[in-house]
Amino acid sequence: MSHEYLSWGRINNATSMLDYAPISRNKNLDFADVNRILTYGNGRSYGDVCLSDQASIINSRFLNKFIHFDRKDGILTCEAGITLQEILKLIVPTGWFLSVTPGTQYVTLGGAIANDVHGKNHHAVGSFGCFVEEFELCLSSNERLICSKAQNANYFFATIGGLGLTGWIVWAKIRLLPICNPNMVTNSYKFANLDEYFALNTELAANNDYTVAWIDCLSSGAKLGRGIYFTGAHAGYQEELIQPKASHLGMPIYLPVSLINRYSLQIFNFLYYNRRQSSAPVMQHYEPFFYPLDAINNWNRLYGQKGFYQYQFVIPFTNAREVIAEVLKHISKRKMGSFLAVLKTMGDIGSGGLLSFARPGVTLALDFANQGNKTIELFRILDQIVLEAGGAIYPAKDACMSPELFMRGYPNLDKFKLLKDPKFSSNFWRRVVGE
Amino acid sequence: MKNAIIIGAGSTIASCVIDKLAAKDFNIYLLARDSEALLEKQQDLNVKYPNANIFIQAFDVLANSMDQITEKINICFDTLGTVEVVLIAYGTLPNQKLCENDLKEESSALRINGVSVLEICHHVANKLQLQKSGTLAVITSVAGLRGRQSNYIYGAAKSMVNIYLQGLRNRVNQYGVQVLTVMPGFVDTKMTAEFKKGLLWAKPGKVADDIVNAIFKKKDIIYTPWFWRYIMLIIKSIPESIFKKMKL
């Protein structure tokens, strides 16, 4: 029986031919008579990397069990359908944290590997793939490979950031980070424009484990690129621990129109930029620091029935200031973009993933309500800027990039093609590469 | 520490209940058809609840004789001692169309979802009666409350279990044994992986919460989520002369 799958942007969908609900990680699935396979985790990628029309879909969420936890050395082995939230619930009370976490805890472990996700500490430690010790990869031939840097290394590096196209990631073993408690010590700094951002970043990125900046994408002129810079570090001994606030906020339905438009955005950005800042460090639970949007269930529905796009790119450090300024000018001129505009510099520690997005440079992520052609036209302009700057777009967020941009942004594509499983395929892959 | 036996531990709902009981410091005996999946669940629980004792045994209501199953249940009771909770959670969703054309298919669906459950209840209830304590919780379904053309084989089996549990509750009440009938509506589980999910669908974690609460509150019958009580009230009140013409 077929089934409709959505991705997080709610624009792309796909109808499957068949759905697998695996009951045991050690049982082979019957791939004999199927032509197209893709693993679907928690559907948190924004565009079409997690979707595949007319394919047989492995619902990895059914395999979300822990396998082994070495509490002494912080090595965790679990099935790849487990979410980062499920992992954190186990490891945080025992004094461990994920070495790298993206901006939501609702992604699966398999999805984090397949998209080689990065976090606020990329400049200091690298991406998620840097902390993957090994995993099991099941090919469509049902051959199973244990992959690590030492064993089946070619498959290891193709699968990290490999968008789920090398096979089914069944389980994985990851290295964790020791912490004292769930708290974070955080600081925030206002910057009035892009120049101030880059000056601040040079100083703060060198001394802080976690850094990220929010940008007011509507500001222009001398204020272009103004925003707030956040830093964080895992806290030490605390006399009193902060509890996470239970959130019951949520969007139960999606509205016919987007709540996010140029007017609401202007108000939000003004208030957010001008909110009272604490000059002293603030103690925070890790959830609001790492996952502010997770507090609103189904926040993607804020964008209404038509859904939204996310546009995230990275460009090399050379000329970064000018390129980012140009991008922001195009966005503020059109009064598009959204409250979620995130700027961050990434470091030079790489996971080795053949198709990994994270690389040294500056990355900017922006949400855009789906306004049809108007939005696509803006993307075409931005694509050209990214292409000329020698940058790349993040497949996990993408729904629109051209085959050329993908090819230029991912120079190891040809190497990857040799290791891609012949039956594993996604709408994304067919869009940017072909069958 | 308290003790529980879960029969049909591979079910998605049962799997959530198991976690909630293990979190409350229960020792748990798991019975399920698939021995590999059982081993994996045991590993998972050992990681999450290092203090709980988790035991496993494979069983199959079609392949095993009733004597074999009785013996397996005896082993659980012998290993654990006094058992506070027994949950029967296994079941299949038969293909209605296939059953209509193949009597063998229909019989096996009735055996799995109906008769075998009663046989296990028979044995477990006698054990609990001897103990003079404990809870027997059985997951049936709102489908057992009215026969519909799309699903009446499953419905008939579940209905048989509902009535049996009613009588059993009446019988063992005097011995301090609780019999809990759990009637879920649509739940997003492995069994229903192929269905398109809508507003009426519940997450297995929510259903498991309801079951655990009902066990500790000594309830008799629960609908989960709660609104199914009212949906079924309406469905049951439709006159048969009209109902027979409806496409349900």
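Me: How many residues of chain A are in contact with how many residues of chain B?
Reply: In this predicted model, 17 residues of chain A are in contact with 14 residues of chain B, where contact requires C-beta atoms, placed from the backbone, within 7 Å. Local features need pLDDT of at least 70 and side-chain atom pairs count only at pLDDT 80 or more, whereas totals for chains, interfaces and linings use all residues. Residues are numbered from 1 along each chain as its sequence is written, with chains lettered from A and ligands numbered from 1 in the order in which they are written.

Me: What makes up the side of chain A that touches chain B, by class?
Reply: That side has eight nonpolar, five polar and four charged residues. Ala, Val, Leu, Ile, Met, Phe, Trp, Tyr, Cys and Pro count as nonpolar, Asp, Glu, Lys and Arg as charged, and the others, Gly among them, as polar. Strand E6 (residues 66–70) of chain A gives the largest share, four residues; strands (E, at least two residues) and helices (H or I, at least four) are DSSP runs numbered from the N terminus.

Me: Why are H8(A) and H9(A) called roughly antiparallel?
Reply: Helix H8 (residues 320–334) and helix H9 (residues 373–388) of chain A pack at about 170°, their axes 10 Å apart. Angles run from 0 to 180 degrees between N-to-C directions, and axes are lines fitted to C-alpha atoms, for helices over the stretch in contact. Under 35 degrees counts as roughly parallel, over 145 as roughly antiparallel, 65 to 115 as roughly perpendicular and the rest as oblique. H8(A) is therefore roughly antiparallel to H9(A). Among the residues making the contact are A:Val323 and A:His330 of H8(A) and A:Leu378 and A:Ile385 of H9(A).

Me: How do you know that E12(A) and E15(A) pair?
Reply: Pairing requires at least two bridges found by DSSP. Strand E12 (residues 183–191) and strand E15 (residues 282–285) of chain A have four, in the antiparallel sense, so the criterion is satisfied. A:Val185 stands opposite A:Met283 in E15(A). Eight bridges also join E12(A) to the antiparallel strand E14 (residues 227–234) of chain A, where A:Asn187 has A:Thr231 as its bridge partner.

Me: What makes E3 and E7 of chain B edge strands?
Reply: The open sheet of seven strands in chain B has the order E3-E2-E1-E4-E5-E6-E7, with parallel pairing. Strands E3 (54–58) and E7 (221–224) each have a single partner strand, so one side of each lacks a neighbour in the sheet. The twist averages 15° from one strand to the next.

Key: Two residues are in contact if their C-beta atoms, placed from the backbone, lie within 7 Å.
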